[in-house]
Amino acid sequence: MKTITLNQIQPEIKGANEFRNSSMQYRCEYNKRSYTHRLMCITGGSCSFYYGQHVFRCEVGDIVYFPPDQLYGNDFSGRDFRVINLFFDFYPYRGESYVYSTIYVKDNCFPEYMGESVHFSDCPFFNSLQHMRDFPDALERTASICREFSERQIGYKQKANAMLTDLLISLLRFQETTSMTSEGNSAGDILAYIQQNCRLPLDGQSLSEKFNYHPNYINKLVRKATSMTLHTYILDTKIRNAAVMLAETDMSITEIAMWFSFYDSSHFSNVFRKFYGCSPHEYRKKNRGGTSGVTYL
């Protein structure tokens, strides 16, 4: 396997075609592989794909990216199922052959035609199979590349390869933007939940059960959004709210410690001092407001 960076790619199309299902029903076992890297855009009907432990349903306009020698299976039915296939290498290193633009099944493989697997050190997106939905102009862009390569007018290779390069970079940017938006929404939901439920004994496991994310992933989202670890953000939220209660209520320090689910008043005081540089008693004395008698009990 060759390790490369995004700046090194010079995509070279080895084949382009539109596949149309010729039978009313077609089911494929988990036994197919591609000789090259491959982009597939669904142009009609729908299809289910299987790889590893994953299953995903593709509809019109969806794009799927396959690395070479990626084992997968699919399941589609109806004569309206159609896809555009773009078979390519990430850099030119071999000649032409119709075999490159075919899919082999089971043991009907010619090892000498298998493309070189690559590992991107700076964009892991292309290191594994990807399924993309809602990519703008997916049908038009893949059809244009397929048409350019198939019509074979003067300079078609250079133009088709340039169009493919632009498409690959656009897909990468779209994926990153979509991922950031998704992560941002998830992080916002988690932070809001912590703020609204800071009285509870929150931790990575309880949030994992609430949001169905791994605790490490939740910590990553919170750290990216706040520059704090999950543990620090939870304590920061509790202590900031506790500071308000120290200044504005007559609740005892022990009651406030229990209110925010600290082990005891000693634990609360130690954490409070780390954040504010003084004890809860000292903070209350300095910041006592005019709302004596207000209680949150």
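Begin by selecting D89, a residue that is buried, with a relative accessible area of 1%. The model on the screen is a predicted one, and every value given on this tour is to be read in that light. With D89 still highlighted, add R94, whose side chain meets that of D89 in a salt bridge with an N to O distance of 2.9 Å. R94 is also buried, at a relative accessible area of 17%, a value that falls under the 20% limit used for that class.

**The whole chain**

Before going further, zoom out until the entire protein is in view. Colouring by secondary structure should bring out eight helices and 13 strands. Turned along its principal axes, the C-alpha trace spans about 85 × 40 × 35 Å, and the radius of gyration is 28 Å, where a compact globule of 297 residues would have one near 19 Å. Of these 297 residues, 43% count as buried. If you display contacts with a sequence separation of 6 or more, 74% of them are accounted for by residues 24 or more positions apart. A surface representation would cover about 16000 Å², with 49% of that area belonging to carbon and sulfur atoms.

**Charged side chains**

Next, select the charged side chains, of which 32 are positive and 31 negative, the centres of the two sets lying 3 Å apart. Side chains of opposite charge can pair when their charged atoms come close, and the structure holds 11 salt bridges.

Move to K157 and E96, whose side chains form a salt bridge at 2.1 Å, N to O. This pair links distant parts of the chain, since K157 belongs to helix α2 (residues 156–196) while E96 sits in the loop between β10 (82–89) and β11 (103–105), 61 residues apart. Their surroundings can be checked on the surface: K157 counts as partly exposed at 33% relative accessibility, and E96 counts as exposed at 57%.

Stay on helix α2 and select D166 together with R141, which form a salt bridge whose closest N and O atoms are 2.5 Å apart. Because D166 lies in helix α2 and R141 in helix α1 (residues 138–151), the pair ties together parts that are 25 residues apart in sequence. Both ends are partly exposed, D166 with a relative accessible area of 43% and R141 with one of 24%.

For a group of three, select E18, R20 and R82, which are linked in a network of salt bridges. Then contrast that network with R284, found in helix α8 (residues 280–287). Which side chain of opposite charge is nearest to R284? It is D250, at 6.0 Å, and R284 is buried yet has no salt bridge. Leaving aside residues up to four places away in sequence, R284 touches M245, L246, T249, D250, M251, S252 and I256.

**Two buried positions in helix α2**

Return to helix α2 and select A160, which has its place there and counts as buried at 0% relative accessibility. Beyond residues up to four places away in sequence, A160 touches I13, I145, E148 and F149. Drawing a C-alpha to C-alpha line from A160 to H214 gives 42 Å, for two residues 54 apart in sequence.

Now select I190, also placed in helix α2. I190 counts as buried at 0% relative accessibility, and its contacts outside the four neighbouring places in sequence are F211, Y213, I218, L221 and V222. A C-alpha to C-alpha line from I190 to K210 gives 9.2 Å, with the two positions 20 residues apart in sequence numbering.

**Two loops with positive phi**

The last stops concern the backbone. Most residues other than glycine have a negative phi. Select R152, in the loop between α1 and α2, where phi is near 55°, a positive value in a residue other than glycine. R152 is partly exposed, with a relative accessible area of 47%.

Finish at S261, in the loop between α6 (253–259) and α7 (265–276). Its phi is positive, at about 65°, although S261 is not a glycine, and at 31% relative accessibility S261 counts as partly exposed.

Note on methods:
Residues are numbered from 1 along each chain as its sequence is written. This is a predicted model: local features need pLDDT of at least 70, side-chain atom pairs count only at pLDDT 80 or more; totals for chains, interfaces and linings use all residues. Side-chain values use heavy atoms; hydrogens and water are left out. Helices (H or I, at least four residues) and strands (E, at least two) are DSSP runs, numbered from the N terminus. The radius of gyration is taken over C-alpha atoms; the globule rule is 2.2 Å times the number of residues to the power 0.38. Buried means under 20% relative accessible area, exposed over 50%, partly exposed in between (1.4 Å probe, protein chains only). Contact means heavy atoms within 4.5 Å. Accessible areas come from the Shrake-Rupley method with a 1.4 Å probe; for residues, only the protein chains shown count as cover. Lys and Arg count as positive and Asp and Glu as negative; His and the chain ends are not counted. The place of a charge is taken as NZ of Lys, CZ of Arg, CG of Asp or CD of Glu. A salt bridge is a side-chain nitrogen of Lys or Arg within 4 Å of a carboxyl oxygen of Asp or Glu.
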